[in-house]
Amino acid sequence: MTVPQSIVFNGDLGSGKSTVSVEIAERLGMRRVSVGDLYRQMAQERQMTALQLNLHAELDQAVDGYVDQLQRDIAASGECLVMDSRLAWHFFTDALKVHMITEPAEAARRVLLRPSGPAERYTSLEEAKVRLMERSESERSRFIIRYGVDKARLRNYDLICDTTRADAAEVIEHIVAGYEGRLCPEVLRDAPPLLLLDPARVYPTEDIVTLRGLWDSGYVGDVAAAGDEALEPLQIGYTGEHFFVVDGHRRLSAALQSGFRLVPARLVAEVDEPVVGERSAVDYFTDQVRPGLIHDWSAAHGIDLPLPRPALLDGDAVLAGEPGAGA
């Protein structure tokens, strides 16, 4: 894979974009630009919270217009840089587009612990979780209306990284490896996005008692010794809220047994895209995933996969970021 000019970061609030983008910019000797810092400064100057500025921007196009033009100018300049922005992926073409995700409660915990300014202050974990979701939904709605793009669609990006349990150093190593063409280049080059998922947050779609070779100590030992970057990518579906295995249960099990916090995967189908035949990702998940299957897989691997919302099991799916998602 040809090394792109720039790396642009987008992702969930509290997913660690700032920490990771700062470190990667220093490591690669690139200038870093943070649109989030700019928006917080604009909010402070207007004596608004970050959420209030987002809601104001839905009515006043001048707020986004200034920032948009700045990003267009930077993208057109050809400068090799790191961009921390929720919409840079839309303006940059010659760049590695990285989308970072994390479990909502973990995101809220991180945001609550970090130093807060007048534009971003929360009094409880629950308030942080609700307000972060509101901000994300406000941005998503604004981007759909104003630009005709949906930030929740994974195919907008080249690399998706789940930072729920992986620390910053691990995330940085994986992203740099992808940028330099050392991590799953065949996926990044030919079939992006490359998914770097937390194996403890991926749902099985087959009953554990029917799967052979899960506890083969020789195989698990080989996987552990080789490391997660050497693992053949899993085949994964995505409902808009949950990731699930289409092919690769044995590799996923070995990753969990080996203590991996990230595993590489290829996106087979997203939301309404077909997994097999005419069955969409949502329909496939609804048909295959049941409470007993989730419980048995979780118990066998010492993890705690939450049961999907009843509405999703009834086929009533919502995209990540829509009202009710992650509730």
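Start at glutamine 5, whose side chain reaches the backbone oxygen of glycine 78 at 3.1 Å. This is a predicted model, so read that distance as a computed one. Glutamine 5 sits in the segment before β1 (6–11). Leaving aside residues up to four places away in sequence, glutamine 5 touches Met30, Gly78, Cys80, Leu81, Asp94 and Tyr179. Tyr179 is a long way off along the chain: 174 residues separate the two, yet their C-alpha atoms are 9.9 Å apart. Is glutamine 5 buried, exposed or partly exposed? With a relative accessible area of 34%, it is partly exposed, because that value falls between the 20% and 50% cut-offs.

**Backbone oddities**

Most residues other than glycine have a negative phi, and most peptide bonds are trans. Against that background, a few spots here deserve a look. Two residues that are not glycine have a positive phi: cysteine 184 and valine 271.

| Residue | Phi | Relative accessibility |
|---|---|---|
| Cysteine 184 | about 45 degrees | 7% |
| Valine 271 | near 55 degrees | 12% |

Where do they sit? Cysteine 184 is in the loop between α8 (168–179) and α9, while valine 271 is in the loop between β10 (263–270) and β11 (274–276). Loop residues or not, cysteine 184 counts as buried, and so does valine 271, because buried means under 20% relative accessible area.

Then there's the peptide bond from proline 192 to proline 193, which is cis, with omega near 10 degrees. Proline 193 belongs to the loop between α9 (185–190) and β6 (194–197).

**Inside the fold**

Which residues touch the most other members of the largest nonpolar core? That core has 55 residues, and the answer is Met83, Phe92, Leu195, Leu197, Ile236, Phe243 and Trp297. The core takes at least three residues from each of domain 1 (6–156) and domain 2 (198–312).

Isoleucine 236 is a handy one to click on. Not counting residues up to four places away in sequence, its contacts include Leu195, Leu197 and Phe243, which are also among the core residues named above. Isoleucine 236 also touches Val202, Phe244, Val245 and Val246, plus a run of Ala265, Arg266, Leu267, Val268 and Ala269.

There's also a second, separate core of 26 residues, and its members include Leu96, Val98, Ala177 and Leu183.

How values were computed:
Residues numbered from 1 in each chain as written. Predicted model: local features only at pLDDT ≥ 70, side-chain atom pairs only at ≥ 80, totals over all residues. Heavy atoms only, no water. Helix = DSSP H or I, 4+ residues; strand = E, 2+ residues; numbered from the N terminus. Buried < 20%, exposed > 50% of the residue type's maximum accessible area, 1.4 Å probe, protein only. Core = buried A, V, L, I, M, F, W, Y, C linked by side-chain atoms within 4.5 Å. Domains from an automatic or database assignment. Contact = heavy atoms within 4.5 Å. Polar contact = N/O pair within 3.5 Å; in protein donor to acceptor, adjacent residues only side chain to side chain.
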